[in-house]
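Reader: Please pick a single residue and give me a close look at its surroundings, then work outwards from there. I would enjoy one connected account, with each term explained as it comes up.

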Amino acid sequence: MSALMRPFWQLVRRDVSLAWKDGGAIGVALGFYLMVVTLLPLGIGPDLALLTRIAPGVLWVALLLAALLSLARMFETDLEDGSLEVLATGPLPLVAIAAAKSLAHWITTGLPLTVLAPVLGLLLNLPPEGYGVLVASMLAGTPAVSFVGAVGAALTLRTRRGGLLLALLMLPLFVPTLIFGIDTVREAILNSAAFWPAFLILSAISLTALVLAPIAAAAALRFQLQQ
Amino acid sequence: MQTLTQSLANPTRFLALSARLLPWIAAASALVIAIGLGLVFTAPPDYQMGHTVKIMFVHVPAAWLSMFVYALIAVSSFGLLVFRHPLADVSAKAAAPLGAAFTFLALVTGMLWGKPMWGAFWVWDPRLTSVLLLFFLYLGLIALRSSIDEEALAAKLTATLSLVGIVILPVIKFSVDWNSLHQPASVMRLGAPTIHASLLWPLLVMAAGMTLLFAALHVKAMRNEILRRRVKALRAFAADAAGGLAGQAAG
């Protein structure tokens, strides 16, 4: 097992450092998140009570959209320069490659967006008891976004209009994460102890995605590489 | 001894068998739906809902079919990926637009029924939302297939997506238990159905008729798809032959 763990972590480190040195992807996702959350109150008007009520939903929906932006690139650059085929012939099975790239996507997208979310919560007048749960719900929920998103990224690798198609395929599958993520924060604001059921379901969704999604993503990658 | 699915792996045999069966299925579906509509017109109005209850006789079969067709697509996809059955992809491809159509029908009739009953066309009830997601999933299946030029690759990727999307079926099935406005299962349940017999019989006849309708349309669409693939193969063959002759003439 440890023979596989080393190349696994090397692949994760490679992808994270590529995303970090490239710099563009992380910055664009954060900037997009900031923009969407800023534009919404401009459309609704500065009604603080209303903003408090919609804050959990806005923060989660905007986070999903921002994470979608970088999903399409997860395997694309590696397919274009041929490194995906080199990886596929290496010691790591495709399932582990898909899992490593999903994990790297989460570190470079899910984590920064989660860090930014409480700052944006200030703009939306999120009540103080919401911040801790907001960050916890996003830490629990964003892995599902990256891992399920990897399936979509692998499926749409060779399609025309890949990005838009990816959004159409993925949004239905993201809805459970979204519903329970928002529910966790909303319950916590209303009554500090009542958020546990939603939070546990959210964690269950994430853990299931962590195990099952790389299998589906690896199947899709295998079909793409057979061509 | 070959099983039926094995012997149908030969598309020519499928075409021959389906050509004989299709008129009977189509006629049976027309007959059963006609009988069903007759029963619907004579069915008594519900004591609370009045005549709007008649929307149910289209709405419920369409909703059943929307889930049944998705299950059929998932089984076909499994048949393609695991057993490489040659007709499995034809079946999955032919069923996707039909499933989308039945889901759309269920949504539209549900909205028409919701306006007088709940006071709004759309109430974001868990069942409505999950069926809407099923509709998006059908659209995703169709869009993914149409955006990949290589047909064999499109078939395998669409099959993968349909197997991933199967998680939505239990969500729809159990969504009525999450403080929904929809009533819980009243026909297919342990013990006796909670729906009155005067309404149950027309509903079952309509469900049988619409399932036969789906079967007829599905078989027809599968035949069309097989013929389309043959025409495509023949064209490619003809183009190859013409290219080969041209090459010989040039050489």
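Author: Happily! Let us begin with contact: two residues are in contact if their C-beta atoms, placed from the backbone, lie within 7 Å. This is a predicted model, in which local features need pLDDT of at least 70 and side-chain atom pairs count only at pLDDT 80 or more, while totals for chains, interfaces and linings use all residues. Residues are numbered from 1 along each chain as its sequence is written, and chains are lettered from A and ligands numbered from 1 in the order in which they are written.

The residue for our close look is A:M138, which sits in helix 7 of chain A. Helices (H or I, at least four residues) and strands (E, at least two) are DSSP runs, numbered from the N terminus. Leaving aside residues up to four places away in sequence, A:M138 touches A:L63, A:T114 and A:A117. A:S203 is 65 residues from A:M138 in sequence, yet their C-alpha atoms are 10.0 Å apart in space. A:M138 counts as buried because it has 26 C-beta neighbours inside 10 Å. The cut-offs are these: a residue is buried if 20 or more other C-beta atoms lie within 10 Å of its own, exposed if 12 or fewer, and partly exposed in between, with C-beta atoms placed from the backbone.

Stepping back along the sequence, we reach A:N125, in the loop between helix 6 (94-123) and helix 7 of chain A. A:N125 is not a glycine, yet its phi is positive, near 60°. A:N125 is partly exposed, because 16 other C-beta atoms lie within 10 Å.

Now for the chain around our residue. Chain A has 9 helices and 0 strands. Buried residues account for 47% of its 227 residues. If we take contacts in chain A between residues at least 6 apart in sequence, 81% of them join residues at least 24 apart. Along the principal axes, the C-alpha atoms of chain A fill a box of roughly 55 × 35 × 30 Å. Its radius of gyration is 18 Å, which agrees with the value near 17 Å for a compact globule of 227 residues. That radius is taken over C-alpha atoms, and the globule rule is 2.2 Å times the number of residues to the power 0.38.

Next, the interface: 17 residues of chain A are in contact with 16 residues of chain B. On the chain A side, helix 7 (131-155), helix 8 (162-190) and helix 9 (196-226) each supply at least two of the residues that touch chain B. Helix 8 of chain A gives the largest share of that side, 6 residues. Sorted by class, the side of chain A that touches chain B has 12 nonpolar, 2 polar and 3 charged residues. Here Ala, Val, Leu, Ile, Met, Phe, Trp, Tyr, Cys and Pro count as nonpolar, Asp, Glu, Lys and Arg as charged, and the others, Gly among them, as polar.

Helix 9 of chain A deserves a look too. Its 31 residues reach 45 Å from first C-alpha to last, close to the 45 Å expected at 1.5 Å a residue. The expected span is 1.5 Å times one less than the number of residues. At A:L210, shortly before the proline A:P214, helix 9 of chain A has a kink of about 35°. The bend at a residue is the angle between axes fitted to the seven residues ending there and the seven starting there.

Across the interface, chain B has 8 helices and 0 strands, and 30% of its 251 residues count as buried. Helix 2 of chain B also bends, by about 35° at B:L21, and a proline, B:P23, follows within four residues. Helix 3 of chain B has 28 residues and reaches 39 Å between its end C-alpha atoms, close to the expected 40 Å. Just after helix 3 of chain B comes B:R84, with a positive phi of about 50°. B:R84 is exposed, because 11 other C-beta atoms lie within 10 Å.

Finally, confidence. pLDDT is the predictor's confidence in each residue, from 0 to 100. Chain B has a mean pLDDT of 85, and 87% of its residues reach 70 or more. Within chain B, helix 1 (residues 4-7) is lowest at a mean of 72, and helix 3 (residues 56-83) is highest at 93. For the complex, the predictor gives an ipTM of 0.86 and a pTM of 0.87.
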